[in-house]
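Dear colleague,

I am writing to hand over the structure shown below. My notes on what was found in it follow directly after.

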Amino acid sequence: MNVEKNVPATRPRVMSGMRPTGRLHLGHLIGTLTNWVRLSETSDAFFEVADLHAFTTGFERPEAIREAREDVVLDWIAAGLDPERSVFFLQSAIPEISELHVILSMITPVAWLQRVPTYKDQIEALGGEIATYGFLGYPLLQLCDIAVFRADTVPVGKDQLSHLEFGREVVRRFNNLYGETLVEPQALLSEFPAVPGTDGRKMSKSYGNAIEIADDEATTTKKVRSYITDPLKIRRNDPGRPEICPVFALHHLSNAARVPEIREACASGALGCVSCKTELAETLNAYLRPARERRAAIDRTRIAQILHDGNERAREVANATMRDVKRALHLID
Ligand code: SF4
């Protein structure tokens, strides 16, 4: 990757990140991480451990954020990302991001932030519990993560499109005021099948319903056994409704070839939930085995070095952008 010169990349420059809030799970692997691996093969990719963003909701537990940083990197490598090929860095180690945040906050109308739908939704969902300045400014800090690297491509889900649109508006405002300096990032819409957790809701660390990449096989099997199924299938031979069963949804992910037979056997009552789950546990463990083996093979002491190297590469690019930003603002010659 050519990050030495802050010239427009000949390949797309991709930027994405994750908040270190705990170990990653099957939902991350099937959705985001598999996509990142693909993108890292054809782009100059910057992957951020967004530890400052983690303070938005986790500011009372800084030790937990610190601890989770390492797990995130381990899980990225387990998923097949290569820190030699892509830049892994820590948000808090790139002060240029925070610097750009201060500068852009001067030209960002508060109303633009207040109308980002996720802000309104979260305020309603949390009953106003997160009422900090940082929470309101979250999409602006996200833009700075992207803009400081002049990334032109950002993989996003539909629910995050509004964040990116807001960010593009801020970039346009900056460029109109001070001349073409920042790159307007484009969304790369990336939609994935929702991965259900043990309770049938979307798999999420905060719901306590996740199968983690780092789980061992016995733990995975135990979690698969605890999955809710069709509540009307009480006895083994009762006909089931696979279309409403999260176990069946997971068969699509790790056992696709058997899906038609399982559908039929469940619906006719020939297949019991215990056997169905046993088969799922086996296929899921087989699916996760390569990632788990890669994870187990990583020497944890290497993580600090990986982040140190990535931080240096990232800072070089960020620093060059900030020189241009400051020149545009007449802060430096
Ligand atoms: S047999 Fe399988 S798909 Fe059918 S309800 Fe039971 S666990 Fe779900």
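In this predicted model, helices H8 and H9 are roughly perpendicular to each other, because angles of 65 to 115 degrees are counted in that class. The axes of H8 (residues 138-147) and H9 (residues 161-178) cross at roughly 70° and come within 9 Å. The handedness of the H8 and H9 crossing is right-handed.

On the H8 side, the contact with H9 is formed by Tyr138, Pro139, Leu140, Gln142, Leu143 and Ile146. H9 contributes His163, Leu164, Phe166, Gly167, Val170 and Val171. By class, the residues of this contact between H8 and H9 comprise nine nonpolar, three polar and no charged.

H8 also packs against a second helix, H4 (residues 95-105): the axes of H4 and H8 come within 9 Å and cross at roughly 125°. H4 and H8 are therefore oblique to each other, and their crossing is right-handed.

The contact of H4 with H8 involves Ile97, Leu100, His101, Leu104 and Ser105 from H4. From H8, the participants are Leu140, Leu141, Leu143, Cys144, Asp145 and Ala147. This set divides into eight nonpolar, two polar and one charged.

Taken together, Leu140 and Leu143 of H8 appear in the contact with H9 and also in the contact with H4.

Yours sincerely

Notes:
Residues numbered from 1 in each chain as written. Predicted model: local features only at pLDDT ≥ 70, side-chain atom pairs only at ≥ 80, totals over all residues. Heavy atoms only, no water. Axes fitted to C-alpha atoms, helices over the stretch in contact; angles between N-to-C directions. Helix = DSSP H or I, 4+ residues; strand = E, 2+ residues; numbered from the N terminus. Parallel < 35°, antiparallel > 145°, perpendicular 65-115°, else oblique. Left-handed = near helix turned anticlockwise from the far one by under 90°. Contact = heavy atoms within 4.5 Å. Nonpolar A, V, L, I, M, F, W, Y, C, P; charged D, E, K, R; others polar.
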